[in-house]
Structure formats: C-alpha cells, structure tokens
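Colleague: I should be grateful for a close look at one buried position and at the elements that surround it. Please proceed outward from that position and state each criterion as it arises.

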Amino acid sequence: MKISIIMGSISDREIADKIVKKIREFDIDYDVKVISAHRALNLLEDYVKGEEKETGVFIGIAGKAAHLAGVIAGMTIRPVIGVPVKSSTMDGLDSLLSTVQMPSGVPVATVAINGGENAAILACQILSLSDESLQKKLRDMKTQMVEKIKNTEYKYEG
Ligand code: RP5
C-alpha cells in the first residue's frame with residue numbers, strides 16, 4: 001500500500017517536500033499530484049478513484065478555502081489526513097478551519113498548520129497496522145526522540 005499525496009497548488013510544494021522527506025525515511029511507496037478540488041474537481045475524482053485500491057492513506061494539502069482533504073474524504077473509504085497551509089492573509093486559520101470542520105460521517109484527520117511532518121508520520125502509523133517492519137521503524141524513531149531529549153542540556157547564558 002502506498003501513500004497518495006495531493007496538493008491544491010504547486011505553491012504548496014514546500015509542505016509536500018516535508019511530507020515526502022519523512023515518508024522516504026520510512027521507505028514507503030508514495031505518489032504526489034497537484035490537483036485543486038476547486039479548479040479541477042473531475043480530475044481529482046478520477047485520480048482518487050483510480051488510486052484508491054493501491055492507496056492506504058490519502059494526504060490532502062491545501063491553503064485558503066482548503067476543501068481539498070474534505071472532498072477527497074467524500075470520494076473514498078480510505079483514511080484521509082488534511083494539512084492546512086499557512087495563507088498569506090489569515091495565517092492559516094482559514095485553511096485550518098476549512099480542513100478540520102468536517103460534517104459527521106466524513107472524517108479528515110487534520111494536523112497542525114503546515115504540519116507536513118506529522119502528516120507523514122501519522123500516515124506511516126496507519127500503514128504500520130499491517131506492516132511489522134514499519135512498526136519497528138516507528139518505535140526506533142520514538143527511541144531516538146527520547147535520546148535526543150535526554151541529551152538536551154540547558155545552560156544559562158545571561
Ligand atoms: C489552495 O489555494 C492551494 O492549496 C493553495 O494553498 C492556495 C493558493 O493557490 P494558488 O493561487 O497559489 O495556486 O487551493
């Protein structure tokens with residue numbers, strides 16, 4: 001199973017890069033497309049329906065009136081993760097609310113504004129339910145986080 005990532009515009013590529021970087025660390029198959037729900041709805045439906053069988057998790061990245069992840073969720077029974085993108089005028093609050101405030105029956109697991117890395121980790125955690133080697137990689141990541149914290153020292157430099 002792969003992770004299918006869709007961004008609403010090529011201007012979202014910085015967030016897509018964060019996701020791809022993390023997914024590659026876990027050595028998981030992925031696919032990335034630029035398809036706006038507003039500008040190319042039929043294309044989006046063709047893609048989601050076409051990829052659903054091979055896809056374990058969809059990730060939708062969008063800013064402003066960010067309906068992309070919600071629209072994807074309306075088209076598939078696969079889990080959908082939404083990444084709201086920080087917009088220039090409203091700091092991403094517009095994107096966050098557009099992504100997270102889904103009607104009952106159509107969930108989107110929404111991460112923080114620009115939270116690409118967490119979207120990737122969450123997608124890998126979902127895929128790991130049926131992949132023991134991926135579970136081990138995720139456990140190793142947690143161990144490394146603990147080690148990093150243990151090795152972090154504070155020194156007053158005032
Ligand atoms: C959204 O509108 C995109 O996801 C992007 O974050 C935002 C602006 O898109 P562009 O006008 O830069 O293409 O659909």
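Modeller: Ile 59 has its place in strand E3, where strands (E, at least two residues) and helices (H or I, at least four residues) are DSSP runs numbered from the N terminus. The model is a predicted one, in which local features need pLDDT of at least 70 and side-chain atom pairs count only at pLDDT 80 or more, whereas totals for chains, interfaces and linings use all residues. Residues are numbered from 1 along each chain as its sequence is written, and side-chain values use heavy atoms, with hydrogens and water left out.

The relative accessible area of Ile 59 is 0%, and the residue is therefore buried; buried means under 20% relative accessible area, exposed over 50%, and partly exposed in between, with a 1.4 Å probe and protein chains only. Leaving aside residues up to four places away in sequence, Ile 59 touches Ile 3, Ser 4, Ile 5, Ile 6, Ile 19, Ile 81, Val 83, Ala 119 and Ala 123, contact being heavy atoms within 4.5 Å. Val 80 is 21 residues from Ile 59 in sequence, yet their C-alpha atoms are 5.7 Å apart in space.

Ile 59 is also among the residues with the most contacts inside the largest nonpolar core, which has 26 residues; the others are Ile 3, Ile 5, Ile 19, Ile 28, Ile 61 and Val 83. Such a core is a set of buried Ala, Val, Leu, Ile, Met, Phe, Trp, Tyr and Cys residues joined through side-chain atoms within 4.5 Å. At least two residues of this core come from each of strand E1 (2-7), helix H1 (13-25), strand E3 (55-63), strand E4 (80-85), helix H5 (116-127) and helix H6 (132-150). H5 supplies the largest share, six residues. A second, separate core of 16 residues includes Ala 37, Leu 44, Val 80 and Val 108.

The strand that holds Ile 59 belongs to an open sheet of five strands, ordered E2-E1-E3-E4-E5 with parallel pairing; two strands pair if DSSP finds at least two bridges between them. Strand E2 (30-34) and strand E5 (109-110) are at the edges and have a single partner strand each, so one side of each lacks a neighbour in the sheet. Between E1 and E3 there are six bridges in the parallel sense, and Ile 3 has Val 57 in E3 as its bridge partner. H1 packs on the sheet, where it touches E1, E2, E3 and E4, and its direction makes about 170 degrees with that of E1. Axes here are lines fitted to C-alpha atoms, for helices over the stretch in contact, and angles run from 0 to 180 degrees between N-to-C directions. Helix H4 (residues 93-100) lies across E3, E4 and E5 and runs at about 165 degrees to E4.

E3 also meets helix H2 (residues 41-51), whose buried residues pack against E1, E2, E3 and helix H3 (68-75). In H2, the buried residues are Leu 44, Tyr 47 and Val 48. They fall within an arc of 95 degrees seen down the axis, so they line one face of H2; the arc is that of the directions from the helix axis to the C-beta atoms. The face turned away from the buried side of H2 carries the exposed residues Asn 42, Asp 46 and Gly 50.
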